[in-house]
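Please look through the sequence and the model that follow, and then read the report below, which takes up a few of the features one by one.

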Amino acid sequence: MRVVIDIQSLQTDAGHRGIGRYTLNLVCGLLKNTIEDQFILLLNGFYKDSVPEIKKLFHQKINPQDIVTWFPPNYSSNHTFDKHKWHTASSFIKEKFIASLKPDFILVTSLFDEQINAITSVNSISDDIPTAVILYDLIPYIYQDIFLNNPDKKKWYESKIEYLKKADLLFSISNSSGQEAIKYIDYPQYKVFNISSDISSDFKKLNVSKALEDKTKSKYNLVKPFIMCIGGLGEHKNIERLIIAFSQLPLEIKGNYQLAIIYKITSHEFEYFNKILKRYHIKKDEIIFTGFVPDDDLLILYNLTLLLVVPSLHEGFGLSALEAMRCGAPVVASNCTSLPEVVGLKDALFDPYSTDEIAKIIVKGVTDGGFRALLIDNAKIQSIKFSWDATSLLAIGAMKNCLQNKDVKSISYQSKRLKLALLLSLSHLNSSIYNLSNLKNILIGLNSYYDITIIADEISFISEFADYGFELNRTNWFLSNFNSFERIVYNIDNTFECNFLIKIFNKIPGVILVNSFEINNCYTSDEVTKEIYLNHGYYGLIQKDLQILPCNLSVYQASIGLITENPEYLLLAKKWYGEQIQEKFKVITNAKNNLSPELVGQNYFKAIEGLYKFSKPAYLDIINNLSSAQLIDIGNHLEIAKSLNTNFAPYPRKKQILVDISEIVKIDANTGIQRVVKSILNEWLKKPVYNSDWRIEPIYCVSNNSGYFYATKYVTNFLGLPSIWSDDYPIDAWEGDVFLRLDLGFIDQSTYFLNLKNRGVLLYSIIYDILPLTIPSFFPKVTELNFKKWINATLLFDGVFCISRSVAIEFDHWLAKNDLNKSKHRPVVKWFQLGADLNMNGQFSLPLIESLLLISKIKSNPIFLVVSTLEPRKAHFQVLKAFDILWGKGFKVNLCFVGKEGWLGKNELSYIKRHSKLNNNFFWLNKVTDHLLSEIYMYSACLIAASYGEGFGLPIVEAAKYKLPILARNIPVFKEVAGTGALYFDDDRKPETIADAVELWLRLRSTNEQPISDNLNFSTWEQSAIDLFMKVIDPNKF
Amino acid sequence: MSKIKFFVLSFFKKNITRIIYYILGSKFLKWVVISFINTMPSFKIFLIYKLDQVGINFQFSEVQMSKDLVPKLTIRSEYMLNIMDSYKKVTIK
């Protein structure tokens, strides 16, 4: 049995009350007590913050994929739309969403939830799936004068009662609450099951130490032994009579005991009760209103109390009685509704309407040792009769029984004749399969099942169909009358004559008769470009001959189904669009084998009905229902469209890898990170291996706007393609898609990330380094703050891919240090190989002759090369000072900095710019192309990698490509990248350290003993892109 | 063509220069209507100066790129809306 459990009650205000606890414990019980049944937990995406919290609650109790989220249309008070209508529209969407999960049973844990965005309903559009509802009580309905005196609220509550009546099963939490349904709403007795209740296992008998006792009592101003009562909203809690009864107690009892009323009391209620206390001359320290008491303290108070009194006139169950009994406390309770079931001892019951009786039983409870012993014994015996295991097993059993007794619903075809419209174009005179002759046969056969109307613009070519009794009509007529047809069928072939049919089909979807696999000729060339992009992504657009790629996806996704007589078309459809398409594709192979029109008609009838029943997109039914109930209007249609789109993913579809490239879309500054971004994009967008099962979609966000856009304009420009749309569209994302933050940008999208995660999108991020966290002194304050926000948003992600093992280790340590190891969720940390290809096609930044002169000047002595932006972390100043020492000692060496001016301190920059050896032995090239950089690498003697911290160390890899020896700082990432291929110097800030290292290196070189970088392993961007891709699509595999 | 309309969304010098050459390079151009979209003030002043120098008449308007200019619906939500519109227009059964 597959059961969808609506656990929205955990997300609303009810989640913090008894209903929330009931739901949580019941669901845990259901998950624990069956292995053959499958449970799907349904959450409401409106309460976005609660979704990850609730998923944590069920961590390791259920497969994460079995917790699903639906998204109602947004309701805002600005909407002019009537909220009851909005609620009904939302109910339609929710019920269809649940139906799309294909459950055998639906269990609604709370039907009465007052919050506007809490959507609850039962069988509002269909009763195909049996539904059970948990009934806690009908107190508001029974005491309407008190609880439903507001007409709006009454209307709302009555609508819920109507839903309750439609439920196939009613699970009452006590026998008493079940009887209420039978008595007050005429609910059939045979559908009511008392599944009872239990409480949290936290409530148990404790040995409370004297210190804890004193501490807890003093917290709530309890200075004497105390009697307690759990209060609550409403007169039915009968607190007033309890207070009066207390006033009637003998003086010695009032003087020796306090009454603690545990209740999150409002100031208004407090005033009201104060008046009563005064009226009955009760001193302030005799009755204590504790206010809200957390569960931990409540447990202690239950263990300490002399007596729990439950004076309620009406309860659905009476949790406090059971909680106190589990803690070993003596309990006396009202003899009303469910309380006798819970307490289970006649002597412990009293008439709650009589203050005398209440006073009498309190006196007995605190003074009569024998009576107290009886109550304590009863508590022990009675409290073990309730268990979540028993409750959940009763619920499972009732649902299974209900299923067995329900008529098995097979494909039952409608008994009344349905109206079918068949849309044709002139081209069908010569269609390969569904030409007029074959169509005639099929239609004659179908005539036994449907009232058929043939729709075409040119009526003359089908006039002969009129002789067979078929109605003929034009498309304009159809556009205004299509809703009178239960079945709509389009005959589409690969000719431009069908362009208008496709346009109608896109507005009014139906079943398609497939004449040829390709339908590219149905589109204009502009439309083909768009379709190629939608079908095959950018990879499709870069193919030289667009006609070789099919453009069927939009039609497949929009269609109710497809029918053909050529089995090869199904094979081709599966090849291009995956196995999923099989559900929508019916192949009728025997239609041509001289079958009688009756048998042909029967085959087609079964195919059409099967498609309408099983593969019709759910949103079409919703739109039809909303339209019929006149629930769509200008106030809500945008939000309904968004909700339908979010809840019902198109199929077939390739899952998307949404690649965040926001920074590079804003400005391409050719930074190291942006070189990585472009190199990966270049591989992923252009090669078939990445595009066969996935859809690569670069996306970007903009400041002050939550959400992302497809970077269509940027990517078409990047790939040299004509533009597709005039504007970039916001992204769509559904379960199974992957979001990858490839670029490093600081626009805060944390709310949107949560939204994506709740939709089932997997979130991954590249981490280039975490240096702003580990060595913040090297970064501007604003960078550090932005980075902290960025990394905090990352903690929500499913995984991170670091650009080196060292960064992965460092990030892991950082997570551990920040106590995130204890959290139930933390991102998976992996690393991937970074590529390094120098682009040799770049242009010289200087005229050729000047470049040559410059190079000849630089290479007059052995060149020590430093390649990086000038910023404090890169240690340029330490290197230059080291060379000052060397030049002072008479060494004939040249130093060359290649890199842009970053955010180096004023003094350091000025020292570099005004250095006496600048352009003599010391050179700073702040703008070079890759080509010139290649030349410099070739002529240099040694690369100095002096940076205090790096994520990877790209210059080391680049230097190794030119077999350039390397002198590097001894930090983990350089050791990881360069291994034994470099000479290392200590990680300190003394110029002498680097000067000594250069001297040593020169000595080693003189005897040809310096470490060589020839054997360094490095990846190409092709390898890097594959490595990252494989990890993104299945990070747990690696 | 004697009148041409440009939309200028530009932050970077390279683009600015390119746009100026487009405008000034059109010998037949007598009038330009330019809508600036979040454009830097310095560029506007520079462009006015250049246009004045070569004797091209001009008319400017300011457009601030706001959320209104950004499509609010995704491609598929637009599709849903289209279907809803089709169903809404027809007579209810």
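Helices, which are runs of at least four residues, and strands, which are runs of at least two, are taken from DSSP and numbered from the N terminus. With those names in hand, Pro652(A) can be placed in the loop of chain A between α26 (637-647) and β21 (655-660), and the peptide bond that leads from Tyr651(A) to Pro652(A) is cis, with omega near 0°. The model is a predicted one, and this should be kept in mind throughout.

**Positive phi in loops**

Two other loops of chain A each hold a residue, not a glycine, whose phi is positive, as the table sets out.

| Residue | Phi | Loop of chain A | C-beta neighbours inside 10 Å |
|---|---|---|---|
| Gln60(A) | near 65° | between α2 (50-57) and β3 (67-70) | 7 |
| Asn704(A) | near 60° | between β22 (694-700) and β23 (709-710) | 8 |

Because a residue with 12 or fewer such neighbours is classed as exposed, Gln60(A) counts as exposed, and Asn704(A) counts as exposed too.

**Helices of chain A**

Helix α11(A), residues 267-279, has 13 residues that should span 18 Å at 1.5 Å a residue, and its end C-alpha atoms are indeed 18 Å apart. Of these 13 residues the number buried is one, so α11(A) lies largely in the open. Just after this helix, His281(A) takes a positive phi of about 55°.

Helix α1 (residues 18-32) and helix α17 (residues 388-405) of chain A pack with their axes 8 Å apart and at an angle of about 70°, which makes α1(A) roughly perpendicular to α17(A). Among the residues that make this contact are Leu26(A) and Leu30(A) of α1(A), together with Trp388(A) and Ile396(A) of α17(A). By class, the contact has six nonpolar, four polar and one charged residues.

**Nonpolar cores**

In soluble globular proteins, nonpolar side chains tend to be buried together. The largest nonpolar core here has 172 residues, and those touching the most other members are Tyr764(A), Leu865(A), Ile944(A), Ile956(A), Ile966(A) and Leu967(A). Helix α28 (residues 672-686) of chain A gives the most to this core, with seven residues. Apart from it lies another core, of 135 residues, which includes Ile199(A) and Phe350(A).

**Where the chains meet**

Contacts between the two chains involve 19 residues of chain B and 27 residues of chain A. The side of chain B that touches chain A has 10 nonpolar, five polar and four charged residues.

Notes:
Residues are numbered from 1 along each chain as its sequence is written. Chains are lettered from A and ligands numbered from 1 in the order in which they are written. This is a predicted model: local features need pLDDT of at least 70, side-chain atom pairs count only at pLDDT 80 or more; totals for chains, interfaces and linings use all residues. Two residues are in contact if their C-beta atoms, placed from the backbone, lie within 7 Å. Ala, Val, Leu, Ile, Met, Phe, Trp, Tyr, Cys and Pro count as nonpolar, Asp, Glu, Lys and Arg as charged, and the others, Gly among them, as polar. The expected span of a helix is 1.5 Å times one less than its number of residues. A residue is buried if 20 or more other C-beta atoms lie within 10 Å of its own, exposed if 12 or fewer, and partly exposed in between; C-beta atoms are placed from the backbone. A nonpolar core is a set of buried Ala, Val, Leu, Ile, Met, Phe, Trp, Tyr and Cys residues joined through C-beta atoms within 7 Å. Axes are lines fitted to C-alpha atoms, for helices over the stretch in contact, and angles run from 0 to 180 degrees between N-to-C directions. Angles under 35 degrees count as roughly parallel, over 145 as roughly antiparallel, 65 to 115 as roughly perpendicular and the rest as oblique.
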